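Here is a short tour of one protein chain, written for someone just starting out. Keep the picture beside you and follow along as we go.

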Amino acid sequence: MHKKIIMLCLCAALFIMQSGLLSADDFNAVDEQPIETLPEEKIETSASKVASEDTPTSDRNEEQSLLKQDKPDENNKETTVEENVQKDVKLSQDETALSTYYQDNKICIYNYKQLQLIGSGKPVYEGDVKGAIGNGEMIFIDDQPITYSLNQDYYLMQDIEFEKSSLWYYPQDFTGTITSYKERKEHVLYDETTDTIYIYNRYQLSLMQSANAEQEYVTTGDWNAETLGIGQVYTLKDGTHLTYGKAHTYVLASSFSIEEVTLKAAALAFTNTDQYPSVYDGREYFGQVVKTIDNKDYILIGNQKQLRAIGTDTKVTEPIWEVYEERTSILTSWQVKEDNADHPIRLYYPGDADLIKFDETFDWSNRELYAVKNGEHKLGDRQKLDGITITDATKCYNYYGSKLDVKQKLTYDATSTEPINIGKAGATYSNTANYIIFRDIYLTEDGTASGATVAWEPIENFTGTMIGQKGMVEGSNAIIHNVEINQTDAINQKSEGIFTKTYHEEYGIGFFRSLASGRDSNLQFSDEPILVSHITLDTVQVKTTTKSIDKNVSLIAGVLKVLGLGESLKDDPKSFATGALAGVVKGNVQIDNCQVTNLKGITNANNYTGGLIGYVSGITKYEAITGLIGGTLKTLSELLNALPVLGLGDLVTFLLDGGLLDVGSLIPIGYVNAVITNCSVSFASGASIIGNDYTGGFIGDIRGSIIHNAKVITNGDSEIQGTNYVGGFAGRAANQVIAGALSSLGIDLLGNFPVNTVFLNSQIQGSGKLNVTATSTEDNAGYAGGFVGSMSNSYAIDCSVKNLGKVSGKDYVGGFSGKADMGDVADINESDDDKQGLLKLVQGLLSSILSGDKNIQILNLVGMRPSVMTGIEVSGQQIAIIASGKHAGGLTGYAGAVQISNTEELKDDTKTTTKEVQRVLTKNNISYTYDKKGK
């Protein structure tokens with residue numbers, strides 16, 4: 001009892017002392033809610049546990065006094081052995097409770113509010129460790145309160161998240177230490193899932209607090225103060241680089257260091273910006289040639305050398321540096337000498353994307369792609385400057401790759417000997433890669449507007465992505481000037497071996513030969529569309545004069561025999577399809593915002609000719625046929641590898657033609673439209689498009705595809721001329737035919753498969769008259785229309801022809817359409833009696849097409865739908881519709897089965913036609929409002 005009274009007196013004295021020393025105004029109260037939660041084991045030993053609410057007041061005062069170290073009581077020096085034991089126990093409890101707040105002469109920091117108090121001189125309270133600043137009892141050592149002073153040492157007990165509303169700044173005039181309570185084994189710098197950057201040193205802290213934080217890049221070496229700014233810049237999923245911007249979450253790592261060091265990045269900050277221009281054309285740095293956007297890698301195209309390399313599989317190369325090095329003897333290592341005036345560090349190669357002339361100082365226009373011609377110096381090779389060989393030399397040049405310094409400037413990397421070091425490694429100019437064209441390009445000798453045009457060699461079998469982004473601005477078309485294509489040689493489809501990659505894939509003529517979804521041996525194709533977007537071809541002329549296909553398949557004759565195809569393959573007539581942008585578009589293909597301007601003319605000695613594309617079709621999806629054709633599957637795979645052009649044509653027809661596949665094995669599960677949106681063809685004055693069958697100002701022949709917001713623009717009088725099926729916009733439009741076991745599955749083809757062709761809000765307009773001529777003189781021939789030569793189960797909605805001149809042909813001639821009638825939907829009769837005869841009929845399909853028999857009945861008809869013309873306009877000053885034979889009309893020459901109406905009638909969604917149109921648009925994510933203007 002005597003001792004308890006003494007302790008109560010001590011507590012009273014402590015209270016008086018506290019009241020005298022501190023008032024409520026002596027510390028700036030911050031938000032009472034804690035950020036960080038004290039670790040469970042710490043909470044259990046804290047003074048707040050000792051002084052619980054269940055403890056009587058007198059006992060709490062006794063126990064809380066343990067926060068001060070006990071001193072001998074001068075007024076009561078007599079103590080018993082039992083009292084000494086009790087005193088030792090209390091001292092042990094004192095140390096345990098105190099360790100929550102103070103260990104090794106260091107204040108323990110658990111949360112952001114405590115962090116902000118460092119250097120403030122304010123006392124430490126019990127509640128501080130929970131973020132309840134100033135709550136509870138004050139913490140004492142030797143009768144003195146512990147304070148957050150500038151010369152105090154501190155422990156960081158755990159990672160601490162920054163508050164965005166109030167940044168913590170390193171205290172000025174701080175002389176204490178801040179160290180980690182526990183050793184940290186891992187150093188996570190950035191967590192992309194939570195967008196969290198971890199701060200490990202005061203230099204990072206300065207970067208995140210600087211006015212230029214949004215431009216300060218995070219590099220892989222930043223966790224270590226010495227290597228700050230060294231390493232690779234973090235690239236995010238959207239392709240941008242990570243910076244110390246304000247939007248991120250920041251966490252002060254428990255191993256945060258205040259140590260001052262010499263930054264290695266500063267020592268490596270070789271000034272080299274005078275080696276290249278300051279113009280990046282929208283890229284993040286000079287020489288950038290690969291960019292990652294949304295986890296997709298794009299090769300950046302800035303000149304015609306790159307453009308012409310697409311499809312060659314040539315390696316992509318970043319900038320390369322010529323670096324001077326010395327060594328004192330052959331026994332010592334080479335050292336870079338940056339300050340040697342006689343041998344300055346030089347940008348040896350600017351990177352693939354910058355092989356152009358910027359000005360008189362920076363002109364790399366005569367350089368070849370490094371992977372094509374390296375200038376006799378390979379990456380990592382040394383060029384001796386003394387000695388007999390490099391072995392005994394002490395001076396040399398070495399050739400290194402590039403990196404970005406802390407300021408995101410291009411510099412050399414003395415550890416890099418790979419073509420790509422900054423961007424995603426391994427990129428090649430393949431026909432499956434993804435590209436962004438970020439500059440306008442001239443296809444001339446010197447790459448300038450004044451240079452002589454150099455003919456374009458079309459890109460073969462492109463299946464990747466190509467996007468124009470001039471200046472890297474999304475939606476800004478890149479222009480490719482002076483596109484001249486001359487197909488005089490035979491179409492090359494030669495195969496020179498099964499087990500080698502010596503084959504050719506010439507299929508169509510245009511800037512791209514083909515954009516086609518190739519099937520594999522199981523009849524499958526990629527779900528990711530081939531995409532061409534925001535490309536403008538300017539000053540274009542295309543000529544196809546050859547009528548031959550070179551298909552030397554002698555080396556694969558054995559495979560052909562196994563497949564029952566004899567020793568030869570028949571020619572596919574669409575191999576000659578010709579257009580400015582592409583000869584053939586087939587399958588899962590999307591083309592948007594592409595233009596052809598100043599079209600000088602297109603001529604084709606064959607079928608399928610269009611101002612933009614020669615032939616367009618969607619593609620049928622089938623269930624995989626693995627195992628259904630037995631042992632021939634491997635053989636077919638070998639054939640497709642040896643002659644991949646088969647996959648671009650009608651592989652289904654090929655299999656049926658050879659008897660390799662029973663039609664009952666073909667299970668169609670869907671149909672994918674080719675979609676062309678916001679594209680246009682603008683004629684030069686007096687330009688013409690001349691072909692044989694299927695010739696159009698925009699498309700030659702289109703099946704089961706969608707054209708949306710497209711234009712043909714005349715500048716002076718223009719001519720579209722062909723033999724049969726000729727139109728100002730399209731030669732022929734038809735639904736696609738589906739082959740397979742449809743009825744047995746109960747599939748309603750028209751209700752589930754969008755096989756129709758749709759022209760939506762597309763026009764022919766301009767200052768000059770447009771004349772359309774079909775030259776055939778045969779019976780039941782011609783099919784000429786101001787907009788389309790012939791429509792079969794196709795829809796034209798809010799389409800118009802303005803300034804129409806003369807439309808002429810033998811039969812079926814109209815101001816809008818020469819003929820508009822039903823289409824046909826095919827099903828295979830699977831009865832045993834008909835299988836064999838039908839299979840023979842299908843086997844003869846390819847040869848029948850080649851023979852030009854337009855009346856061939858490929859498949860049995862099971863259902864028909866009319867064509868639709870709604871919201872159609874035809875206008876002109878002097879319109880002449882001339883048929884030397886039969887069927888001529890101002891709107892359509894022959895309306896076999898067609899619905900003609902105002903577009904507003906399509907607002908009634910109970911009508912079959914509205915449902916059919918909407919089905920096609922919905923499947924392709926196209927939104928359209930039906931009214932008179934098509935807006």
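## A walk through the chain

Let's begin with helix H17, whose buried residues are Thr913, Thr914, Glu916, Val917, Arg919, Val920 and Leu921. Keep in mind that this is a predicted model.

How far apart should the ends of H17 be, at 1.5 Å a residue? The helix has twelve residues (912–923), so the expected span is 16 Å, and its end C-alpha atoms are 17 Å apart, which agrees. After H17 comes Asn925, with a positive phi near 55 degrees.

Now zoom out for a moment. The chain has 17 helices and 62 strands. Of its 935 residues, 54% are buried. Look at contacts between residues at least 6 apart in sequence: 79% of them join residues at least 24 apart. The accessible surface of the chain is about 40,000 Å², and carbon and sulfur atoms account for 47% of that.

**The sheet of twelve strands**

One open sheet has twelve strands with mixed pairing, in the order E11-E12-E19-E21-E25-E30-E36-E40-E45-E50-E57-E62. Which strands stand at its edges? They are E11 (290–293) and E62 (898–901); each has a single partner strand, so one side of each is left without a neighbour in the sheet. From one strand to the next, the twist averages 15 degrees.

Our helix from the start comes back here: H17 packs on this sheet and touches E40 (705–708), E45 (757–760), E50 (794–797), E57 (867–870) and E62. The direction of H17 makes about 90 degrees with that of E50. Elsewhere in the sheet, strands E21 (residues 465–468) and E25 (residues 530–533) run parallel and are joined by three bridges. Thr465 has Leu531 in E25 as its bridge partner.

**The sheet of eight strands**

Another open sheet is built from eight strands in the order E24-E29-E33-E39-E44-E49-E54-E61, and its pairing is parallel. At the edges stand E24 (512–516) and E61 (892–895), each with a single partner strand, so one side of each has no neighbour in the sheet. Ignoring direction, neighbouring strands of this sheet are turned by 5 degrees against each other on average. Take E54 (residues 817–821) and E61 as a sample pair: they are parallel, with three bridges. There, Ala820 stands opposite Ala895 in E61.

**Strand E17 and its partners**

Is strand E17 (residues 395–404) mostly covered or mostly open? Mostly covered: nine of its ten residues are buried. Here are its antiparallel pairings, each with one pair of residues that stand opposite each other.

| Strand paired with E17 | Bridges | Residue pair |
|---|---|---|
| E13 (residues 320–326) | six bridges | Val323 and Asn398 |
| E16 (residues 382–384) | three bridges | Gln383 and Tyr397 |
| E18 (residues 410–413) | four bridges | Lys403 and Thr411 |

A handy thing to know while you look at strands: in a regular strand, side chains alternate between the two faces of the sheet.

**Cysteines**

How many disulfides does a search of the whole structure find? Zero. Cys594, for instance, is in no disulfide, and the nearest cysteine sulfur, the one in Cys679, is 4.8 Å away. A disulfide needs the two sulfur atoms within 2.5 Å. Cys594 counts as buried because its relative accessibility is 1%, which is under the 20% cut-off. Cys799 also counts as buried, because its relative accessibility is 0%.

**Two residues with a positive phi**

Most residues other than glycine have a negative phi. Against that background, have a look at Asn780, whose phi is positive and near 50 degrees. Where is Asn780 found? Asn780 sits in the loop between strand E47 (770–774) and strand E48 (782–785). Its relative accessibility of 43% falls between the 20% and 50% cut-offs, so Asn780 counts as partly exposed.

Tyr783 is not a glycine either, yet its phi is positive, at about 60 degrees. Tyr783 is found in strand E48. Is Tyr783 buried or exposed? With 8% relative accessibility, Tyr783 counts as buried.

How values were computed. Residues are numbered from 1 along each chain as its sequence is written. This is a predicted model: local features need pLDDT of at least 70, side-chain atom pairs count only at pLDDT 80 or more; totals for chains, interfaces and linings use all residues. Side-chain values use heavy atoms; hydrogens and water are left out. The expected span of a helix is 1.5 Å times one less than its number of residues. Buried means under 20% relative accessible area, exposed over 50%, partly exposed in between (1.4 Å probe, protein chains only). Two strands pair if DSSP finds at least two bridges between them. Contact means heavy atoms within 4.5 Å. Accessible areas come from the Shrake-Rupley method with a 1.4 Å probe; for residues, only the protein chains shown count as cover. Axes are lines fitted to C-alpha atoms, for helices over the stretch in contact, and angles run from 0 to 180 degrees between N-to-C directions.
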